[in-house]
Amino acid sequence: MPADALYPVSVGNKTGYVDRKGKVRIAPQFDFGNAFSGGLALVGNWDSNRQTDPVSRMWKAKHGFINPAGDVVIPLTFDQALNFKDGLAPVRVGKKWGFANTSGQVVVEPQFEQAEEFSEGLAVVRIKKQWQALDTMGAQVFAIEAKTVASCHDGLFRCERNRKWCYLDRSGNAAIDLACTAAEDFSEGLAAVLKDRKIGYIDSKGAWVISPRFAQAGRFREGIARVEFAAEGPYDPSRRQDFGFVDRQGDRNPPGSFGAAGEFSEGLAAVSATGDRAWSYIDIQGKVKIPEFKCSYAVPFKDGLAAIQVEKPKTGETLYGYIDTKGKIVWEPQA
């Protein structure tokens, strides 16, 4: 993990950045900001009149990018933007999306109604019902009419067309045809697929590796997937949900049943016995590495820190902070 990683924090409703020890490295000065991606961080300021943006349905804002020194290297001029991946970031000007490089130059002119971040060297964009995959030079690799085409993962694009699901290869050809209700992106060679109201996992050839038997199922991370084991019998809202983990064979591994659970990252996963208010972190063997502590939500670790949320009991206001892999608070939760 990078020794100089920076993390967004909020102080007095302004976003700045701290290092792994909780020291402020970029003073809070923006209305919002993302984590660094591709060497730059997306930042922005809301419209002073709080007018609604007709595309995002949020307040109007201007977006730009900063470097790790805190310098605004791409001015806050875009109406919307996403993170940098593969040296390019989707940017919106007016109602149309294009792509900018790390110098702030718009290298793919805004012309799309929707654009996603690059993934595995390709980006998905949409004009009306036509979806296209672009390479990093902005050249079209393929085009297809569909309801949905997701980003490329493990060389495959999740696609829904004519009320049927499939996966497209990098040339836009159907690589896997599915008989299912919904499908998710591939990760570590497996993808979650919903069939007959239960979720299982298929491999890159479309064969079932783990038969459908889960109520919820996430992506595989570090050889483990977070799932909700489906209860037998009629739905009972008073019954605690049974969240846990499975390995690539579909076995409950590591052991344990939880009211809520997050994905594994950097060898740890957040779990909660009750589903809220208190969380802990376990390792891949199921051993508790960070004992239970009070918070409303805990997210996966990234570069040695994990973000946590705490709600004020009286006002319900959400505060955000960070803990390290020892469970030590390095940034006290703040608004």
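The lining of the largest pocket holds 18 nonpolar, seven polar and five charged residues. This is a predicted model. Its largest pocket has a volume of about 840 Å³, and its second largest pocket one of about 470 Å³. A sheet of four strands and the buried residue D31 complete this briefing.

**The largest pocket**

- The volume here is about 840 Å³.
- The lining of this pocket counts 30 residues. Y7, P8, V9, G33 and Y322 are the closest to the centre.
- Three elements give two or more residues to the lining: β1 (7-11), β31 (305-311) and β32 (318-324).
- β31 provides the largest share, with five residues.

**The second largest pocket**

- The volume here is about 470 Å³.
- This pocket has 16 lining residues. K85, H153, D185, S187 and R219 lie nearest its centre.
- By class, the lining splits into five nonpolar, five polar and six charged residues.
- Two strands, β20 (182-187) and β23 (208-221), each supply at least two lining residues.
- The largest share comes from β20, which gives four residues.

**The four-stranded sheet**

- Strands of a sheet pair through backbone hydrogen bonds, and the pairing is either parallel or antiparallel.
- Here the order is β30-β31-β32-β33, the sheet is open, and the pairing is antiparallel.
- β30 (297-298) and β33 (329-334) are at the edges. Each has a single partner strand, so one side of each has no neighbour in the sheet.
- Three bridges link β32 and β33, in the antiparallel sense.
- I323 stands opposite I329 in β33.
- Two strands of this sheet, β31 and β32, also give residues to the lining of the largest pocket.

**Residue D31**

- D31 sits in the loop between β3 (24-30) and β4 (32-33).
- Is D31 buried or exposed? Its relative accessible area is 18%. Buried means under 20%, so D31 is buried.
- A polar atom of the D31 side chain lies 2.7 Å from the backbone nitrogen of W46.
- Which residues does D31 contact, leaving aside its neighbours within four places in sequence? They are N13, K14, T15, G44, N45 and W46.
- W46 therefore appears twice for D31: in the list of contacts and, through its backbone nitrogen, at 2.7 Å from the side chain of D31.

Note on methods
Residues numbered from 1 in each chain as written. Predicted model: local features only at pLDDT ≥ 70, side-chain atom pairs only at ≥ 80, totals over all residues. Heavy atoms only, no water. 1 Å grid on protein atoms, 1.4 Å probe; cavity = no way out; pocket = protein on both sides within 12 Å on 5 of 7 lines; lining within 4 Å. Points joined across faces, edges and corners; volume = space filled by probe spheres on them. Nonpolar A, V, L, I, M, F, W, Y, C, P; charged D, E, K, R; others polar. Pairing = 2+ DSSP bridges. Buried < 20%, exposed > 50% of the residue type's maximum accessible area, 1.4 Å probe, protein only. Polar contact = N/O pair within 3.5 Å; in protein donor to acceptor, adjacent residues only side chain to side chain. Contact = heavy atoms within 4.5 Å.
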